[in-house]
Amino acid sequence: MSDVQKVQVGEVQLAYRVWGEEDAPPAVLLHCLGEDGEDWRGVVGRLAGTHRVFALDQRGHGHSDWPGDYGSARWRDDVIGFLQALGLERVTLIGHSLGALAALLVAAERPELVDRLVLEEVPPPLPADPPQEVPEQPAGPQPFDWQAEVAVVAERNAPDPVWWEELEKITAPTLVIGGGEASHIPQGHLDELVERLPDARLVTVEGAGHLVHEERPGEFLAAVNSFLAPRP
C-alpha cells in the first residue's frame, strides 16, 4: 500500500494514502466503521488505473486523530475539509457503510464538489427498526475509537430527519451497490434511497452481504468501472 500522509483539517489531523497519476481525475475512498484506508487494498489497484485515488482514515480510525467527538456531520465536514485542504474539486466519492453515509451527506451539503457518487451498502438515514444496541466493547486495544461505535448506533436509531429530506439536493450521478439479503442493511431501504435521489441506479450483488468490495471484488469493480466510464 501507499505510504501514509497526513493533513490538518480543522482540529484534527487526517491520514490518507494516494495512488495513481497526478493528472488523473480524483477519487476519494471512505471506509466503514472500524476500518481504515487499508480496507480498500483489494480494489485500489484497478481504480488507480483510471483515477488519482485517495483513501482516507476517517477521524477515530487508523492513523487519523481520535478526538472522541464523532457523528456523521463530523465525518461529513472532515471530508469537505479534506477536499479543500488538498485542492480537490469535482471528485468521485466512493464510500462503504459509514463512509457511504458520509459521502451521501457531502454530496447533499456541497453538491458542486462531487462529480460521481458510489455508495456501497449505505445505511440510509432512516430510523433503525428495531432500534440497535451498542455492542459490548471487546477486551484489549481496538483499531478504532469505541466512542465512534456509540455515535453510529445513536444515529442509526435517531438520524437527523433533515438528511433524508436534503437528498434531493444531490446533483451527482449515483451508483448504489447492495449486497442482497445476506446483508444486515434492509435492501428495501436502498430501493427507497434510489427513488429519492435525482439520478441514481442500484446494483445488487446477491450473496455478497455487507462487504461487497471484499467478498466480491470482481463484481464490485465491474459495477464501479462501468458506472465511471466516460459517457458518450
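Me: A charge sits over a ring if NZ of Lys or CZ of Arg is within 6 Å of the ring centre and within 35 degrees of the ring normal. Which residue lies over the face of phenylalanine 227?

Reply: This is a predicted model, where local features need pLDDT of at least 70, side-chain atom pairs count only at pLDDT 80 or more, and totals for chains, interfaces and linings use all residues. Residues are numbered from 1 along each chain as its sequence is written, and side-chain values use heavy atoms, leaving out hydrogens and water. At 5.5 Å from the ring centre of phenylalanine 227 lies arginine 116.

Me: Which strands stand at the edges of the open sheet?

Reply: Strands (E, at least two residues) and helices (H or I, at least four) are DSSP runs, numbered from the N terminus; two strands pair if DSSP finds at least two bridges between them. The eight strands run in the order S1-S2-S4-S3-S5-S6-S7-S8, with mixed pairing. Each edge strand has a single partner, so one side of each has no neighbour in the sheet: these are S1 (5-9) and S8 (200-204).

Me: By how many degrees are neighbouring strands of this sheet turned against each other on average?

Reply: Axes are lines fitted to C-alpha atoms, for helices over the stretch in contact, and angles run from 0 to 180 degrees between N-to-C directions. For this average, direction is ignored. The turn is 25 degrees.

Me: Which residue of S5 is the bridge partner of leucine 29?

Reply: S3 (residues 26-30) and S5 (residues 91-96) pair in the parallel sense over four bridges. Leucine 29 has as its partner in S5 isoleucine 94.

Me: Which helix packs on the sheet and touches S3, S5 and S6?

Reply: Contact means heavy atoms within 4.5 Å. The helix direction makes about 150 degrees with that of S6 (114-120). Spanning residues 98-109, the helix is H3.

Me: What kind of pair do phenylalanine 54 and phenylalanine 82 form?

Reply: Rings of Phe, Tyr and Trp (its six-membered ring) pair if their centres lie within 6.5 Å; planes under 30 degrees apart count as stacked, over 60 as edge-to-face and the rest as tilted. Phenylalanine 54 is in S4 and phenylalanine 82 in H2, 28 residues apart. Their centres are 6.4 Å apart and their planes lie at 75 degrees, so the pair is edge-to-face.

Me: Is phenylalanine 82 buried or exposed?

Reply: Buried means under 20% relative accessible area, exposed over 50%, partly exposed in between (1.4 Å probe, protein chains only). Phenylalanine 82 has 0%, so this residue is buried.
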